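Good morning, colleagues. I should like to spend a few minutes on a pocket and on the strands that contribute to its lining. Please have the sequence and the structure in view.

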Amino acid sequence: MSNIITRISTLLNRVVDIVSSGSLERVRIIKEFNMVFQEAYQSGDIDRLCTVTTGPGNPDFRHELSSFYLRSAFKITIHNDSNLNDNDYYDISKYVIESAPFVRQLMALGYDTLKIVGKNTMRGIQIPLKEIANLHAYMLNNR
Amino acid sequence: MILKIKTIAVILIAVIVTGFFLVKKIKKNKLRKKVLADGDDYSTTAKNIALSMSKSKELYKSLITKVHPDRFPNDIEKQKKAEQFSAMLTEAKRNYSQLIEIKKLIETELY
């Protein structure tokens with residue numbers, strides 16, 4: 001039953017992403033990430049199962065390419081989140097924000113918030129992407 | 001006559017406002033396309049993040065010991081290079097693909 005609900009919500013999320021952004025890019029990035037994370041978890045490369053979705057962002061983190069705030073967070077949910085403290089969440093986020101070109105890609109897709117949350121504990125962190133990569137500086141350097 | 005002028009003014013304002021938002025949207029789309037084309041494809045990035053989470057710590061530890069300046073007591077040039085590599089490694093600590101590239105450089109230039 002929960003499997004069917006997950007599938008329906010994934011489908012709805014995809015439809016909303018396509019309609020709101022006008023392209024398939026958001027659907028592609030989420031699909032690729034989920035596939036890679038699942039494979040890495042199943043092969044034992046990573047010890048935490050992570051899934052990526054689009055969620056509500058923080059309106060204070062808006063930038064010039066942000067989409068509607070209810071669809072502006074790149075949300076990574078950690079399923080087996082027992083024994084995770086705030087530092088662990090920050091540690092995981094550091095791997096994601098390590099690459100500035102990737103953060104800029106997320107911003108270009110309309111994301112402004114990176115959320116890392118635990119599925120069971122509901123704890124987590126949110127990071128403003130505009131503080132990691134600056135689109136203004138990028139525009140000026142690439143004229 | 002006054003009505004005509006008012007109508008023309010309203011139309012003009014509407015055209016200017018629409019034009020302003022259209023230009024803004026075109027600029028945004030241009031920037032969006034440029035940024036998206038600039039990075040790696042999503043699959044490569046996702047794989048690198050997963051590998052970084054699982055393997056970068058170990059790789060970093062093994063490489064940072066390899067570039068310790070004390071390993072080259074009689075070669076000042078290599079000591080300098082080792083210091084540079086050490087700084088590079090610290091910067092790329094959480095990026096597996098970059099660590100692999102630095103590893104290749106270390107193997108060719110120091111050993």
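How do the residues of the lining of the largest pocket divide into nonpolar, polar and charged? Please bear in mind that this is a predicted model. The lining divides into 14 polar residues, ten nonpolar and seven charged.

The space in this largest pocket comes to about 1,000 Å³. It is lined by 31 residues, and those closest to its centre are A:Thr6, A:Thr10, A:Asn34, A:Thr51 and A:Thr53. Five elements of chain A give two or more residues each to the lining: the helices α1 (2-21) and α2 (25-42), and the strands β1 (50-55), β2 (73-78) and β3 (113-118). The largest share, nine residues, is supplied by α1(A).

Let me now turn to the strands. β1(A) and β2(A) run antiparallel and are joined by six bridges. Here A:Thr53, one of the residues closest to the pocket centre, stands opposite A:Lys75 of β2(A). β2(A) also pairs with β3(A), over six bridges, but in the parallel sense. In that pairing, A:Ile78 stands opposite A:Gly118 of β3(A).

Why, then, is β2(A) described as largely enclosed by the rest of the structure? The reason is that five of its six residues are buried, where buried denotes under 20% relative accessible area.

To conclude, β2(A) is bridged to β1(A) in the antiparallel sense and to β3(A) in the parallel sense, and these three strands are among the elements that line the largest pocket. Thank you for your attention.

Conventions:
Residues are numbered from 1 along each chain as its sequence is written. Chains are lettered from A and ligands numbered from 1 in the order in which they are written. This is a predicted model: local features need pLDDT of at least 70, side-chain atom pairs count only at pLDDT 80 or more; totals for chains, interfaces and linings use all residues. Side-chain values use heavy atoms; hydrogens and water are left out. On a 1 Å grid over the protein atoms alone, a cavity is a set of points where a 1.4 Å probe fits but cannot get out, and a pocket is an open set with protein on both sides within 12 Å along at least five of seven lines; lining residues have an atom within 4 Å of a point. Grid points are joined across faces, edges and corners, and a volume is the space filled by probe spheres set on the points. Helices (H or I, at least four residues) and strands (E, at least two) are DSSP runs, numbered from the N terminus. Ala, Val, Leu, Ile, Met, Phe, Trp, Tyr, Cys and Pro count as nonpolar, Asp, Glu, Lys and Arg as charged, and the others, Gly among them, as polar. Buried means under 20% relative accessible area, exposed over 50%, partly exposed in between (1.4 Å probe, protein chains only). Two strands pair if DSSP finds at least two bridges between them.
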